[in-house]
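Subject: Structure handover

Hello,

Here is the structure we spoke about. My notes on it follow below the entry.

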2 protein chains.
Amino acid sequence: MNVDEELEDLQERIEDEIPGGIAISDVEYEGPELVIYTSDPKKFADDGDLVRDLARKLRKRITVRPDPGVLTDPEPAKDEIDGIVPDDAGITDYDFKPDVGEVVIKAEKPGLVIGKHGSTLREITKATGWTPDVVRTPPIESSTVDNIRRYLTQESDERKEFLRQTGRRIHREETSDDEWVRVTTLGCGREVGRAAFLLSTPETRILIDCGDKPGTDETPYLQAPEANPLQSIDAVVLTHAHLDHSALVPLLYKYGYDGPIYTTPPTRDLMSLLTVDYLDVAAKQGRTPPYDSEMVREAIKHTITLDYGEVTDIAPDIKLTFHNAGHILGSAVVHFHIGDGLYNVGFSGDIHYDETRLFNGAVNDFPRLETLFLESTYGGRNDQAPSQEEAEEKLIKLIRKTHDDGGKVLIPAFAVGRSQEMMIVLEEAMRKGRIPEMPVYLDGMIWEATAIHTAHPEYLNDDLRDRIFHEDENPFLADCFQQVDEGTEQRQEIRDGEPAIILATNGMMAGGPVMEHLEMLAPDPENSLAFVGYQAEGTTGARIESGRDEVRVPSSDGRSETVKIKMNVYSVDGFSGHGDRDELISFVDEMNPRPEKIFTVHGDEGKTKALASALYQNFNMRTISPMNLETHRFI
Amino acid sequence: MNVDEELEDLQERIEDEIPGGIAISDVEYEGPELVIYTSDPKKFADDGDLVRDLARKLRKRITVRPDPGVLTDPEPAKDEIDGIVPDDAGITDYDFKPDVGEVVIKAEKPGLVIGKHGSTLREITKATGWTPDVVRTPPIESSTVDNIRRYLTQESDERKEFLRQTGRRIHREETSDDEWVRVTTLGCGREVGRAAFLLSTPETRILIDCGDKPGTDETPYLQAPEANPLQSIDAVVLTHAHLDHSALVPLLYKYGYDGPIYTTPPTRDLMSLLTVDYLDVAAKQGRTPPYDSEMVREAIKHTITLDYGEVTDIAPDIKLTFHNAGHILGSAVVHFHIGDGLYNVGFSGDIHYDETRLFNGAVNDFPRLETLFLESTYGGRNDQAPSQEEAEEKLIKLIRKTHDDGGKVLIPAFAVGRSQEMMIVLEEAMRKGRIPEMPVYLDGMIWEATAIHTAHPEYLNDDLRDRIFHEDENPFLADCFQQVDEGTEQRQEIRDGEPAIILATNGMMAGGPVMEHLEMLAPDPENSLAFVGYQAEGTTGARIESGRDEVRVPSSDGRSETVKIKMNVYSVDGFSGHGDRDELISFVDEMNPRPEKIFTVHGDEGKTKALASALYQNFNMRTISPMNLETHRFI
Ligand SMILES: [Zn+2]
Ligand SMILES: [Zn+2]
Ligand SMILES: [Zn+2]
Ligand SMILES: [Zn+2]
Ligand SMILES: [Zn+2]
């Protein structure tokens, strides 16, 4: 049965299932969803269980859309909705999208717009014909999130056509009767950086991640025949937004790829933020960026977002599910179910197994999983990290001491993840009186990244999510946080002012506003510099951490100058987005089910091998440290 | 430097090296050889060491060709040659090829045409301008060999253009500065049949073997992206002519491949014989052959033959050398040297390590070899074979007994290899009086295959080669051998005649003339059936060997009939083209140098794994039983 026949068949079955008198005008795949077009959206909304029952019977994800002609005009519709939704829902904005018959409603309390089991939503549709899509009014405005929403509205015709084609491709007839599953490691084999894997079956090819290798111009082996032609790849699946996983995803569109990217909503937003910044940094450093920002927009246009736990058909023979990875906002462990019970393979992406200040611990519970690709960043024999408590204790002590000395604490941090973690730790310490009250300055993209975090509170850990829902407890809104948005002048004021803490990017002092703070604060022995993350070889951060008392940094006039380091230098281990060795081993130990085979990747050669050997010895499973350009077959 | 610049440069260097007054009109690559065109072929021939010295200095294989204008006409040239070459050289034929300025001289004693260190050859060139190419007048006419020679002469213009293009491709500039070496197993991973490997570097892709899987329609995974587009493969390298290695080589030309096949001269001839027969058998069995005989001719036209030990550039970064494999005529262990000392990888093809009646033992001595792909046909724990002596003893006994009973011995045998081995054994036994004198009938392609063996005596073991050079000792010319060429009538005469031995194809009784002999001889309890080779599951041979006293065979009218087996059935183990388990292990044990890694292939799953584990335990080397569609990287 080809797609057209299948859709006709589905329309007949739907017409049989639903009450008489509801007219179905069309049934179409749009991305992984089955969309039912009807001239009777109100009747459809009458029966609260109708769509759910249909979805269960047809085993499809179903969306009902009104035919354009049957919609109430936006202005009267707005009034109707205002009448239906209780006032304390706090609706702040409406966005009507006639092409899909949807109205995006921004509200401070989305639950009150949704109603019990979606009853309020159905009332809205019954009254107006529009399908409401409720989003939380973010407590902090994010220009990234706003731009993406605006851009997608503007491109909605093209996006709709893209979704239709993708839907048809996903549901195409299978043509091969051969059965095999294999994975080619295109990057991050025995190295950190340029994560990229190709999962292939006789029917389908999926690219997982496509990152850069920081500090080098090495890219994943996209030119390998396994990945070519790029046009014929079915889907790109992105585990998280870090550049070593995402930086070269937009490049694929420059090379002719035109298919979907599946990822979580926060990863889409963070990818947009980080890749645009990646292009800026390249330009500032006088390098030619591998693509321009138009390609980032292409990537956004082709992104289909999925929440954790949504089992989704992405090819005739492959179902994809994302699970929380505990690493950064939206980060996912990726699970592929292949064939009809044939095989299951997972990719950990980067994981943190223990719960952290920001996130729940990584998921290691699956219906089935035979093979896992596991990150090994801290897989080495000596990669034991202090506990979060010890790390926080050390940080608090050094802040107290510096404050007592009348100095300032400079903390280099990447905008996404570590900065938010520091904010939570500092806000709590200040609130509980463990450190004196003082300003915490945020310099760089930290505030924008924080805004994206608060736009997706359901991706944060349970405690943090609850606090963000209550504006007065939202730690990110605490008074101590002050954005630096006036450049050098403001930084000089900070230097000349009272004791303070400064979080500034980037986290390895390889550029960014942290450099100016360093220059200003380094000569004063009362100040402190606190490293809270890994300093890669060759960076200024690494040089200072190794004990140099003088470093050369780029000066504001483009040349370089020498900075004498007289401030105190501390290294605070124990904050990390990655699980340490024990955590990685526990992640496997406690997996349910335990996989038959583990491929250790995303770690230096020695660490991937050390972790492989530890897992083999502890659990007697087959372990492999694949090299780039190797292909292993599972069935 | 591109190829044109390189050739200009070479021409200048050659002009500098050779004595003044010899005009070089052109220098061109033709396949792996550098061809020097000159209007002074006679002067070139003056200095016996000139070409050798040039070859050493330029590190190239060099051929000198006269410009067409300077050649003596064929008739007077023939007279000149007759005058130069001693009469007892026994010249039987001349074949002048004006396009390359070569004259092929067939002689019974080629050594006398060549002269000491090639002195007579040089005299011929000095006198006539023609470059002589001396071949032995084969003791038995082979239509295969004759047809190939005729066909290549007829296609010489096209072939010359092909060689020129191939030469330029081999010597193209390297474009990649990346360094890696990997091999994809496209067939014969954990199975016997459909041998095929793809060796790839950033610069080059080489396909090693492309066989069928007897009894199935499974082909190598040529559709894998690693192998595509087939047009971009640099070279096909063929280990030997057995169909599980060669059957689908001609198919590559149907699929658009247009490049060279490198193999030994006997393998080219046997491949032609066996693939044409493969098409015949398919047609007779009512199957659609995957290609037609035109594609076999294409394959022949694109074959570049290399003798054992000739180190040959086949790509900018790859040198190929064939070594004797001891398995069938022309069979080779293939050695690749990659980059400038970067890596060495070998493919055993099928091997016999001990010397046999026909061949020297397989070579396991290499300048360097880091990774070996090793056949595992008899790699299982219990794959111990009796010695050749025991096997011969058993065969002789059963022949004597059958003769004494007044019966006939039917020996099913494949035309290539086993038949010639039986001929040697039977001839010697009869000559030494160990079995009575009686006719040995040869039915099927045995005689033609034997002719190909005698056309390439230098590929046989030392003893057999020497005997073939002396006509009166050539065992294949013994009086006892009689070809069956009159079909059913003659077979009936044999049945009704005196005691005799019948060698008939095919070796597993899966068709061929052996079936008619079986039908005629089976009912008589005085006759014997002797299996001297492996009987694959599902064949009539296997059914009889397993003890059935009745089998159904196709009758001459196309239907099938039942044959009652009343003749004696014997299985004689110990004749095999494959080394047994001990031999495979000794092959590795005595390798020089011993490789770091061994991939066990070309064996049932259990045997590849058993051999891998034995080699790992004995020699503590890394061993892997790759699956089809897996790619392993070495550097
Ligand atoms: Zn990461
Ligand atoms: Zn990473
Ligand atoms: Zn063979
Ligand atoms: Zn074979
Ligand atoms: Zn043997």
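Residues 97–168 of chain A are 56% helix and 18% strand, and the C-alpha atoms at the two ends of the span are 23 Å apart. In an unreviewed entry, UniProt gives these residues the feature "domain: K Homology". Please keep in mind that this is a predicted model.

Domains of chain A

The domain assignment divides chain A into domain 1 (1–171), domain 2 (178–381 + 578–632) and domain 3 (388–571). Between the C-alpha centres of domain 1 and domain 3 of chain A the distance is 43 Å. Nine residues from domain 1 of chain A and 13 residues from domain 3 of chain A make up the contact. The two domains of chain A bury about 850 Å² between them, and 67% of that is on carbon and sulfur atoms. On the side of domain 1 of chain A, the most area is lost by Arg136(A), Pro139(A) and Ile140(A), which together account for 63% of what that side buries.

The annotated site

An unreviewed UniProt entry places a "binding site" at His240(A), His242(A), His327(A) and Asp350(A). These positions are spread over 111 residues of sequence, yet they cluster in space, with a largest C-alpha distance of 10.0 Å.

His327(A) sits in the loop between β14 (318–324) and β15 (332–338) of chain A. Its relative accessible area is 5%, so His327(A) counts as buried. Leaving out residues up to four places away in sequence, His327(A) touches His240(A), His242(A) and Asp350(A), and also Ile351(A), His352(A), Phe359(A), Gly577(A) and His578(A).

Asp350(A) is in the loop between β16 (343–347) and β17 (371–375) of chain A. Asp350(A) is buried too, at 1% relative accessibility. The side chains of Asp350(A) and His327(A) are joined by a polar contact of 3.4 Å. With the same sequence neighbours left out, the residues that Asp350(A) touches include His240(A), His242(A), Asp244(A), Glu375(A) and His602(A).

Arg194(A)

Arg194(A) belongs to the loop between β7 (182–187) and β8 (196–200) of chain A. Is Arg194(A) buried or exposed? Arg194(A) is buried, because its relative accessible area is 7% and the cut-off for buried is under 20%. The side chain of Arg194(A) has a polar contact of 3.4 Å with the side chain of Glu218(A). A polar atom of the Arg194(A) side chain also lies 2.9 Å from the backbone oxygen of Thr219(A). Among the other residues in contact with Arg194(A) are Asp212(A), Tyr221(A), Asp244(A) and Asn628(A).

Tyr278(B)

In chain B, Tyr278(B) is part of helix α11 (residues 265–284). Tyr278(B) is buried, with a relative accessible area of 14%. Beyond four places in sequence, Tyr278(B) is in contact with Asp212(B), Leu243(B), Ala247(B), Leu248(B), Pro290(B) and Tyr291(B). Pro289(B) is 11 residues from Tyr278(B) along the chain, and their C-alpha atoms are separated by 8.2 Å.

The two chains

A turn of 180° with a shift of 0.0 Å along the axis lays chain A on chain B with an RMSD of 0.1 Å. This is the relation of a two-fold axis. In chain A, Thr631(A) has the C-alpha nearest the axis, at 2.2 Å from it. Both copies use the same surface: 100% of the contact residues of chain A recur in chain B.

Regards

Key:
Residues are numbered from 1 along each chain as its sequence is written. Chains are lettered from A and ligands numbered from 1 in the order in which they are written. This is a predicted model: local features need pLDDT of at least 70, side-chain atom pairs count only at pLDDT 80 or more; totals for chains, interfaces and linings use all residues. Side-chain values use heavy atoms; hydrogens and water are left out. Helices (H or I, at least four residues) and strands (E, at least two) are DSSP runs, numbered from the N terminus. Buried means under 20% relative accessible area, exposed over 50%, partly exposed in between (1.4 Å probe, protein chains only). Contact means heavy atoms within 4.5 Å. A polar contact is a pair of N or O atoms within 3.5 Å; within protein, one must be able to donate a hydrogen and the other to accept it, and residues adjacent in sequence count only if both atoms are side-chain atoms. Copies are superposed by least squares on the C-alpha atoms of residues with pLDDT of at least 70 in both. UniProt positions are given in the numbering used here, feature names are shortened, and annotations may be inferred rather than shown by experiment. Domain bounds come from an automatic or database domain assignment. Buried area is the accessible area (1.4 Å probe) that two parts lose on being put together, summed over both.
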